[in-house]
Amino acid sequence: QVRLVESGGGLVQAGGSLRLSCAASGRTFSSYAMGWFRQAPGKEREFVTTITWDGGSTYYADSVKGRFTISRDNAKNTVYLQMNSLKPDDTAIYYCAVERTQYARTPRRITAGYDYWGQGTQVTVSS
């Protein structure tokens, strides 16, 4: 059974940092792009960032560019999201997901482009 488990969320003051992890089990995702999405209360789930299967390319939403960094460790079947200079607008549930297409060179930025999803981890940034 495929599982994605996010961790590392919490409460942090504005300007602070958090590092999220997403551990995959049940199969290997080393040949698939991985992405992070987030959903704030009353809003649609939105794209945050994605990384190609080999870690060679990364893509970010404009709202997080320069503050967030995605990385992956294929040996550990884990993807990370380092979040710095956090703002109250970053408050949301953060989800990791696996892109549908194997060896995608330009991973998609829409939820429909992703298969397996984790249960999410709450990030709350206080002002």
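**Figure 1. The disulfide of this predicted model.** The count here comes to one disulfide, in a model that is predicted. The two partners are cysteine 22 and cysteine 96, with the sulfurs 1.9 Å apart. Distant parts of the chain get tied together this way: cysteine 22 belongs to strand E3 (residues 18–25), cysteine 96 to strand E9 (residues 92–102), and these positions lie 74 residues apart in numbering. Look along the S-S bond and you'll find a value of 55°, making the link between cysteine 22 and cysteine 96 right-handed. As for exposure, cysteine 22 is buried, and cysteine 96 is buried too.

**Figure 2. Close-up of the four-stranded sheet.** Here we zoom in on an open sheet whose four strands run in the order E1-E3-E8-E7, paired in the antiparallel sense. E1 and strand E7 (68–73) sit at the edges, each pairing on one side only. On average, neighbouring strands in this sheet are turned by 15° against each other, if you ignore direction.

**Figure 3. Strand E3 and its two partners.** What does E3 pair with on the E1 side, and over how many bridges? Strand E1 (residues 3–7) pairs with E3 in the antiparallel sense, and five bridges hold the register. Within that pairing, leucine 4 stands opposite alanine 24 of E3. Turn to strand E8 (residues 78–83), and there are six bridges to E3, again in the antiparallel sense. One spot to pick out is leucine 20, whose bridge partner in E8 is leucine 81. E3 is also the strand that carries cysteine 22 of the disulfide.

**Figure 4. The enclosed cavity.** The structure holds one cavity of 30 Å³ or more. The volume of the largest cavity is about 50 Å³. Its lining is made up of Ala24, Phe29, Met34, Arg72, Asp73, Asn74, Asn77, Thr78 and Val79. Sort these by class and you get four nonpolar, three polar and two charged residues. Which strands supply at least two residues each to the lining of the largest cavity? E7 and E8 both do. Ala24 from this lining also turns up in the sheet, where alanine 24 stands opposite leucine 4.

**Figure 5. The largest pocket.** This view shows a pocket with a volume of about 170 Å³, the largest one in the model. Around the largest pocket you'll find Arg38, Gln39, Ala40, Pro41, Lys43, Glu44 and Glu46, together with Pro88, Asp89, Thr91 and Ala92. By class, that lining splits into five charged, four nonpolar and two polar residues. Ala92 is part of the pocket lining, and strand E9 covers residues 92–102.

**Figure 6. Two loop residues with positive phi.** Most residues other than glycine have a negative phi. Serine 85 goes the other way, with phi near 50°. Serine 85 lies in the loop between E8 and E9. Is serine 85 buried or exposed, or something in between? With a relative accessible area of 41%, serine 85 is partly exposed. Tyrosine 103 is the other residue in this view, with a positive phi near 55°. The place to look for tyrosine 103 is the loop between E9 and strand E10 (114–117). Tyrosine 103 has 45% relative accessibility, so this residue counts as partly exposed.

Note on methods:
Residues are numbered from 1 along each chain as its sequence is written. This is a predicted model: local features need pLDDT of at least 70, side-chain atom pairs count only at pLDDT 80 or more; totals for chains, interfaces and linings use all residues. Side-chain values use heavy atoms; hydrogens and water are left out. A disulfide is a pair of cysteine sulfur atoms within 2.5 Å. Buried means under 20% relative accessible area, exposed over 50%, partly exposed in between (1.4 Å probe, protein chains only). On a 1 Å grid over the protein atoms alone, a cavity is a set of points where a 1.4 Å probe fits but cannot get out, and a pocket is an open set with protein on both sides within 12 Å along at least five of seven lines; lining residues have an atom within 4 Å of a point. Grid points are joined across faces, edges and corners, and a volume is the space filled by probe spheres set on the points. Ala, Val, Leu, Ile, Met, Phe, Trp, Tyr, Cys and Pro count as nonpolar, Asp, Glu, Lys and Arg as charged, and the others, Gly among them, as polar. Two strands pair if DSSP finds at least two bridges between them. Axes are lines fitted to C-alpha atoms, for helices over the stretch in contact, and angles run from 0 to 180 degrees between N-to-C directions.
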